[in-house]
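Let's take a walk through this protein together, one region at a time. Keep the 3D view open beside you as you read.

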Amino acid sequence: MTTHKVNIAEKLAAFTEQWAPHRIARVNDYEVKAAKLQGEFVWHSHEDTDELFLVVAGTLTIRLRDGDGDVVLGPGEMYVVPRGAEHCPAADEEAHVLLFEPTGTTNTGTAGGPRTREPVDA
């Protein structure tokens, strides 16, 4: 997909829609997606894969049904949601994030519904 350097800030500045992943790179069979998030997403899980969130700007809370409670991430912080863990990302103010997940991973996981979006190339 890309064989040149990628400016993450430029990629994020190129779109305004929230909760819509934009594919910015591929690494083997994984995709790197940029997204802008605000409000609460849907509770969902990914039965076959972990999901990595890396916050570029803002604050992201990853709510977890099981485990140690909510995970709050700021710029430069990341968290891996383990496969099968039910979670709900949320941000009071707009947060910019990178997501790392296998190609073909649905953003709403097992939940489906109207917030499901196929990633677009950024």
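**A buried tryptophan and its partner**

W19 is buried, with a relative accessible area of 8%. Please keep in mind as you look at this residue that the model is predicted. You will find W19 in the loop between α1 and β1. Its backbone deserves a glance too: although W19 is not a glycine, its phi is positive, at about 60°.

What does W19 form with F41? A search of the whole structure turns up one aromatic pair. W19 and F41 make up this pair, and their rings are stacked, with 4.7 Å from centre to centre and 10° between the planes. The pair links distant parts of the chain, with W19 in the loop between α1 (8-13) and β1 (22-27) and F41 in the loop between β2 and β3, 22 residues apart. Is F41 buried or exposed? Its relative accessible area is 7%, and the cut-off for buried is under 20%, so F41 counts as buried.

Now compare that with another loop. N28 is found between β1 and β2. N28 has a positive phi as well, near 55°, and is a residue other than glycine. Here the surroundings are open: N28 has 76% relative accessibility and counts as exposed.

Let's step back and view the whole chain. Its secondary structure comes to one helix and eight strands. Along the sequence, these elements follow the pattern α-β-β-β-β-β-β-β-β. The radius of gyration is 13 Å, close to the 14 Å that the globule rule gives for 122 residues, so the chain is as compact as a globular protein of that length. If you draw a box along the principal axes, the C-alpha atoms fill roughly 40 × 30 × 25 Å.

How much of the chain is buried? Of the 122 residues, 40% count as buried. The accessible surface comes to about 6,600 Å², and 49% of that belongs to carbon and sulfur atoms. Contacts also tell you about the fold: among those between residues at least 6 apart in sequence, 66% join residues at least 24 apart.

Next, turn to strand β7, which spans residues 87-102. This strand is mostly covered, with 12 of its 16 residues buried. Which strands pair with β7? One of them is β2 (residues 30-40), which pairs with β7 in the antiparallel sense over 10 bridges. To locate this pairing in your viewer, start at K33, whose bridge partner in β7 is L99. Strand β3 (residues 51-57) also runs antiparallel to β7, and five bridges join the two. Here A57 is a handy landmark, standing opposite H96 in β7.

Strand β4 (residues 60-64) pairs with β7 as well, again in the antiparallel sense, over four bridges. Two positions help you to trace this pairing: T61 stands opposite A90, and R63 stands opposite C88. While you follow the strands, it helps to recall that in a regular strand the side chains alternate between the two faces of the sheet.

Why is β4 described as largely enclosed by the rest of the structure? Four of its five residues are buried, so that description fits β4. Besides its pairing with β7, β4 pairs in the antiparallel sense with strand β5 (residues 71-73), over three bridges. I62 takes part here, with V71 as its bridge partner in β5. Together β4 and β5 form a hairpin with six residues between them, and G67 in the turn has a positive phi of about 105°.

To finish, look for places where a charge meets an aromatic ring. The charged end of R65 sits over the ring of W43, 3.9 Å from the ring centre. In another such arrangement, the charged end of K36 sits over the ring of F15, 5.2 Å from the centre of that ring.

Definitions and conventions
Residues numbered from 1 in each chain as written. Predicted model: local features only at pLDDT ≥ 70, side-chain atom pairs only at ≥ 80, totals over all residues. Heavy atoms only, no water. Buried < 20%, exposed > 50% of the residue type's maximum accessible area, 1.4 Å probe, protein only. Pairing = 2+ DSSP bridges. Phe/Tyr/Trp six-rings, centres within 6.5 Å; stacked < 30°, edge-to-face > 60°. Lys NZ or Arg CZ within 6 Å of the ring centre and 35° of its normal. Rg over C-alpha atoms; globule rule 2.2 N^0.38 Å. Contact = heavy atoms within 4.5 Å. Areas by Shrake-Rupley, 256 points an atom, 1.4 Å probe, with all protein chains shown as cover.
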